[in-house]
Amino acid sequence: MKHIFTTIIILLISFDLHAEPPVYEIIIKDHLFYPDELIIPANTKVKLLVKNQDVTPEEFESYELNREKVIPGKSQVIIFIGPLKPGIYPFFGEFFPKTAQGRIIVQEIEE
């Protein structure tokens, strides 16, 4: 019986270690990011699914996140970020920096 319990614990730990990161979606439309403010949990790796609905390309860029990725028009990309400490991490579209701006707010999420 003890071995069954140990095996179950190991399987649960393994499952948790291989769980997929949560997915958050950002849409680029009319050279703007929607939402322009995204709240994600601290200390958690997340997957950003960035969909460009414009016909022109845009570049997701953030110095604070150390990320830059070109998203061709009418396409999408995945960008992994984190785990991050609580704080505010701005991002912008390099091709339309006056309009395409946003920020990721990382905060402790209470359960």
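The sheet first. In this predicted model, five strands form an open sheet in the order 3-9-8-5-6, and the pairing is mixed. Strand 3, residues 37-41, and strand 6, residues 67-71, are the edge strands. Each of those two has a single partner strand, so one side of each has no neighbour in the sheet. On average, neighbouring strands here are turned by 20° against each other, with direction ignored.

Now to one pairing inside that order. Strand 8 covers residues 87-93 and strand 9 covers residues 101-107. The two run antiparallel and are joined over six bridges. If you want a place to look, take Tyr89, which stands opposite Ile104 in strand 9. As a reminder, strands of a sheet pair through backbone hydrogen bonds, in either the parallel or the antiparallel sense.

Next, Ser62. This residue lies in strand 5, residues 58-62. Is Ser62 buried or exposed? With a relative accessible area of 2%, Ser62 is buried, because the cut-off for that class is under 20%. Which residues does Ser62 touch, once those up to four places away in sequence are left out? They are Arg67, Pro90 and Phe91. Arg67 falls within the residue range of edge strand 6, while Pro90 and Phe91 fall within that of strand 8. The side chain of Ser62 also has a polar atom 3.0 Å from the backbone nitrogen of Leu65.

Last, the salt bridges. How many does the structure hold? There are two. In general, side chains of opposite charge can pair when their charged atoms come close.

One is between Arg103 and Glu37, at 2.8 Å from N to O. This pair connects distant parts of the chain, with Arg103 in strand 9 and Glu37 in strand 3, 66 residues apart. On your screens, that puts Glu37 on an edge strand of the sheet. Arg103 is partly exposed at 34% relative accessible area, and Glu37 is partly exposed at 37%.

The other salt bridge joins Glu25 and Lys51, whose closest N and O atoms are 3.2 Å apart. It too links distant parts of the chain: Glu25 is in strand 1, residues 23-29, and Lys51 is in strand 4, residues 46-52, with their positions 26 residues apart in the numbering. Neither strand 1 nor strand 4 appears in the sheet order I gave, 3-9-8-5-6. Glu25 is partly exposed, with a relative accessible area of 37%, and Lys51 is partly exposed at 26%.

How values were computed: Residues are numbered from 1 along each chain as its sequence is written. This is a predicted model: local features need pLDDT of at least 70, side-chain atom pairs count only at pLDDT 80 or more; totals for chains, interfaces and linings use all residues. Side-chain values use heavy atoms; hydrogens and water are left out. Two strands pair if DSSP finds at least two bridges between them. Helices (H or I, at least four residues) and strands (E, at least two) are DSSP runs, numbered from the N terminus. Axes are lines fitted to C-alpha atoms, for helices over the stretch in contact, and angles run from 0 to 180 degrees between N-to-C directions. Buried means under 20% relative accessible area, exposed over 50%, partly exposed in between (1.4 Å probe, protein chains only). A polar contact is a pair of N or O atoms within 3.5 Å; within protein, one must be able to donate a hydrogen and the other to accept it, and residues adjacent in sequence count only if both atoms are side-chain atoms. Contact means heavy atoms within 4.5 Å. A salt bridge is a side-chain nitrogen of Lys or Arg within 4 Å of a carboxyl oxygen of Asp or Glu.
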